[in-house]
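Grab a pencil and try these short exercises before you read each solution. Keep the sequence and the 3D view open as you go.

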Amino acid sequence: MFRGLNARLLLSYILIVLVCLGLVAAGLFLFVRTSPLWSRVGVEPLDPAVQALRAQLASTGAPEARTVESLRILLARICQDQEVRALLLDQSGRAVFDSEGVWTGRPLADLVVQRIVRPTTSQGTFVAPDGRRWIFFSEPIAISGGRDLFAVFIAPYARWLPFLWFVDNFFPPLLRAGLVALVLSVLMAWLLARSVARPLRRVAGTANALAQGDLAQRAPVSGPKEVRDVAQAFNHMADEVTTVQQSQRDLIANVSHELKTPLTSIQGFSQAILDGTASDPASVERAATIISDEAERMRRMVTALLDLARFDAGQVKIARGPVDLSSLVKRCAERLTPQAEAAGNALVLSVPDGFVVTGDPDWLTQVFVNLIDNAICHTHDGRVEVTAEYEGESVRVTVTDTGEGIPPEDLSRIFERFYRADKSRRRQTGAGLGLSIAREVVRLHGGNIVAESLVGLGSRFTVQLPARKNDQTTA
Ligand SMILES: Nc1ncnc2c1ncn2[C@@H]1O[C@H](COP(=O)(O)OP(=O)(O)OP(=O)(O)O)[C@@H](O)[C@H]1O
Ligand SMILES: [Mg+2]
């Protein structure tokens, strides 16, 4: 019950309407109570008797014809027909007649007399000598001899009478207003609920479609702002899910592809040894070398993949010791000097001593070896320069080459897993994982890595790491 938006809105609207009506009624009641109108309230039960009296007086003609006796008879008759009590008072407030005979001949109290014995019609309530409260209506009547008597109708005062009067007079219009408000609320609740529920239902529908594998589905962005925000956030999430799924598919395709090539050649060359195609010692050795190289390549790739998986899972623990970056970078360059020479490249180092950072020497070595190795592999008969300098609070290491460069469309993607700019895959050794790992390592060290390149002119990779302050070095 009241689970739906529609029902809840309707319920709250009805509550609001009821509360408002109650407030209006209470306000009206207070207003009427303090207004002159209130003196009429409660004496209405006497109205029929008053009408009857006036009609009779009009038909009995001139005042000269009236006597105390005739008035007495007249009042007694009215009291028989109408259920009221009638008194006839003289100027002093003495009861000349009481239709119930109780007060006949007795004077009424002064206060009562002041209210009832007046030159004009008066009405209201009074407390009788017996302590009871009565409603009254009093009318002066001229009789023969130029005297004035007062015909007074009274009835017991009932507490709830004013309320009854109020209910009779004000409730019908209030009720009508309430009904109109109710109809409007139903309409408004329905419209509002529809404007929110409809787009939400469509988002839910899209979510179900997505769950069933239809990744192309997107929720329409419509309705109130909050609902549009939900749809937009949902679509954003759907985009992310699609991207993740796509990159997972790519990864599996890439891994299979990268493993297939070395496996094929391992199988081919081992077959050649087995079936005797490679019979002389020289070709057997050649086949064995290739098998060993390919196996090594696979091992490196699997290691790199495992590293990346551990980075993704947040399982890689980076040591936090002081690292002498200057000598670390120099050692990396030394290791690669033979390759540089083989490619006809000059490997130039401008790395001053004394740059210290906080981190893990093994992982940092892997980063710089890969950067320098990349530079050497993509440069022929050129120059590879490694520099280090302070920039503010950090150390900046650059690896610049005069090689082939990277096209702009590839530059933004070279840090992705398995991404290789040279599609021809001239370079058989790399799997395209080195830069992905470098980025993860640098990130974990609190630094960043960027690549700049101009096709035909060369590339520059810049690694920025927070410098360590006033500490001993160990690396
Ligand atoms: N200095 C550079 N000059 C030109 N292209 C580069 C350079 N450095 C990287 N690249 C491009 O970026 C790609 C990704 O580099 P990355 O180091 O991630 O992989 P890799 O060197 O091919 O293989 P791995 O490092 O895993 O052995 C390279 O394949 C190459 O196309
Ligand atoms: Mg590399």
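**Exercise 1.** Does F418 count as buried or exposed?

*Solution.* Keep in mind that this is a predicted model. Start by finding the residue: F418 sits in the loop between α10 (408–411) and α11 (434–444). Next, take its relative accessibility, which is 4%. The cut-off for buried is under 20%, so F418 counts as buried. One more thing to spot is the backbone: phi of F418 is near 65 degrees, a positive value in a residue other than glycine.

**Exercise 2.** Now try D381: does it count as buried or exposed?

*Solution.* Look in the loop between α9 (361–377) and β9 (383–391), and there you'll find D381. Its relative accessibility is 65%. Exposed means over 50%, so D381 counts as exposed. Check phi as well: for D381 the angle is near 50 degrees, again a positive value in a residue other than glycine.

**Exercise 3.** Work out which residue shares a polar contact of 2.7 Å with the side chain of Q464.

*Solution.* First, go to strand β12 (residues 458–466), where Q464 is found. Then follow its side chain to the partner: the polar contact runs to the side chain of E391. Finally, widen the view, skipping neighbours within four places in sequence. Q464 is in contact with E391, and also with S394, V395, R396, V442, G447 and N448.

**Exercise 4.** Describe the surroundings of A467, then say how far its C-alpha atom is from that of G131.

*Solution.* Step one: A467 lies in the segment after β12. Step two: its relative accessible area is 17%, so A467 is buried. Step three: leave aside neighbours within four places in sequence, and the contacts of A467 are V356, V357, Y390, E393, S394 and V395. Step four: G131 is 336 residues apart from A467 along the chain, and their C-alpha atoms are separated by 102 Å.

**Exercise 5.** Zoom out: what radius of gyration does the protein have, and what would a compact globule of 475 residues have?

*Solution.* For the globule, expect a value near 23 Å; the protein has 53 Å. Now look at the spans along the principal axes: the C-alpha trace covers about 165 × 60 × 40 Å. To finish, count the parts: there are eleven helices and twelve strands, and 39% of the 475 residues count as buried.

Notes
Residues are numbered from 1 along each chain as its sequence is written. Chains are lettered from A and ligands numbered from 1 in the order in which they are written. This is a predicted model: local features need pLDDT of at least 70, side-chain atom pairs count only at pLDDT 80 or more; totals for chains, interfaces and linings use all residues. Side-chain values use heavy atoms; hydrogens and water are left out. Helices (H or I, at least four residues) and strands (E, at least two) are DSSP runs, numbered from the N terminus. The radius of gyration is taken over C-alpha atoms; the globule rule is 2.2 Å times the number of residues to the power 0.38. Buried means under 20% relative accessible area, exposed over 50%, partly exposed in between (1.4 Å probe, protein chains only). A polar contact is a pair of N or O atoms within 3.5 Å; within protein, one must be able to donate a hydrogen and the other to accept it, and residues adjacent in sequence count only if both atoms are side-chain atoms. Contact means heavy atoms within 4.5 Å.
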